[in-house]
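Visitor: Hi, I'm new to this one. Could you walk me through it?
Guide: Sure, let's pull it up and talk as we go.

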Amino acid sequence: MSGREAMTVPEVLVAGGEPPGSRLLAAIDAACAAAEDAAGRTPLVVRLGGEEAQPSRFAGVDVHLVNKWERALRRVERLGAVTIAVAEGACTGAALELLLCCDYRITSRSAVFGLPLIGSTPWPGMALHRLVDQIGLAGARRLALFGSRIDAAQAAALGLVDETADDVAAALVEVLVRCDGVAGAEAAVRRRLLLDAASTPFEEALGVHLAACDRTLRHERGETPAEPFPQW
């Protein structure tokens, strides 16, 4: 294995059922900053789940905190580094919301997945939008309307996770090896193109894809692109 073994990889830890709050916001900010300071040379690992806490009633949460939370999720989703989620146990609440923002998702066979709940009612945040984008309306309906839980096999069948593993630690090491040499900024460009594809007409997308191709060709020739890649 490369020097990746000895490299400190930024991590975020999210307990099962944990609601948005100041601890999570600070943890995401610190981990994203560490990944950005490394110029995308190291992935961000998001560890999700474990034993589920008591169902949250979102005590102390107001719409201003929700706005900060959605911005934090968007930061992970746009990060100039590869993001890897590792789900074990109960990947519910904020844990599922973060899973939906990650590039590669590993789960243990015993994991369960579910949206954040207030009482027995699913939370109407942007996780609903991401779910439909990623697994389609039919796949999202049961989770979004009834607060149902699904197991790892069902999550894999829906495309919610990429890999189901008996040994998630070993699976994570393998993914980190595959990420070795992947430039975070380049991964972020391709992620953006993928995220925009569902909502952007071909004619409008063409210019952005040509800009990405030009950027890649210039990099291959050892040139610095004339302009940075357009931002969101």
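Visitor: What covers the buried residues of helix 7?
Guide: The cover includes helix 2, strand 3 and helix 8, the last of these being residues 202–220. Keep in mind that this is a predicted model.

Visitor: Okay, and which residues in helix 7 are buried?
Guide: Gly 184, Glu 186, Ala 187, Ala 188, Val 189, Arg 191, Arg 192 and Leu 193.

Visitor: How many residues does helix 7 have, and how far does it reach?
Guide: Helix 7 runs over residues 184–197, so to speak its full 14 residues, and spans 20 Å from its first C-alpha to its last. That is close to the 20 Å expected at 1.5 Å a residue.

Visitor: You mentioned strand 3. How many of its residues are buried?
Guide: Eight of the ten, so strand 3 is largely enclosed by the rest of the structure.

Visitor: What about strand 2 and strand 3, how many bridges join them?
Guide: Seven, and the two strands run parallel. To find the spot, look for Leu 44, which stands opposite Thr 83 in strand 3.

Visitor: And strand 3 to strand 4, how many bridges there?
Guide: Four, again with the strands running parallel; strand 4 is residues 104–108. Val 86 stands opposite Ile 106 in strand 4.

Visitor: What do strand 3, helix 3 and strand 4 make?
Guide: A right-handed β-α-β unit.

Visitor: Which way do strand 3 and strand 5 pair, parallel or antiparallel?
Guide: In the parallel sense, over three bridges, with strand 5 covering residues 112–114. There, Ala 90 stands opposite Val 112.

Visitor: Switching topic: how many residues are in the largest nonpolar core?
Guide: It has 42, and those with the most contacts inside it are Val 12, Leu 48, Leu 98, Phe 113 and Leu 160.

Visitor: Which elements give two or more residues to this core?
Guide: Among them are strand 1 (11–15), strand 2 (44–50), strand 3 (83–92), helix 4 (127–146) and helix 5 (152–158). Helix 1 gives the most, with seven residues.

Visitor: What is Leu 160 in contact with?
Guide: Leaving aside its neighbours within four places in sequence, Leu 160 touches Leu 96, Leu 99, Leu 100, Arg 105, Phe 113, Leu 131, Ile 135, Ile 150 and Ala 155.

Visitor: And what lies apart from that largest core?
Guide: Another core, of 14 residues, including Val 45, Val 82, Val 86 and Leu 176. You've met Val 86 already, opposite Ile 106.

Methods. Residues numbered from 1 in each chain as written. Predicted model: local features only at pLDDT ≥ 70, side-chain atom pairs only at ≥ 80, totals over all residues. Heavy atoms only, no water. Core = buried A, V, L, I, M, F, W, Y, C linked by side-chain atoms within 4.5 Å. Buried < 20%, exposed > 50% of the residue type's maximum accessible area, 1.4 Å probe, protein only. Contact = heavy atoms within 4.5 Å. Expected span 1.5 Å × (residues − 1). Pairing = 2+ DSSP bridges. Right-handed = clockwise from strand over helix to strand, strands pointing away.
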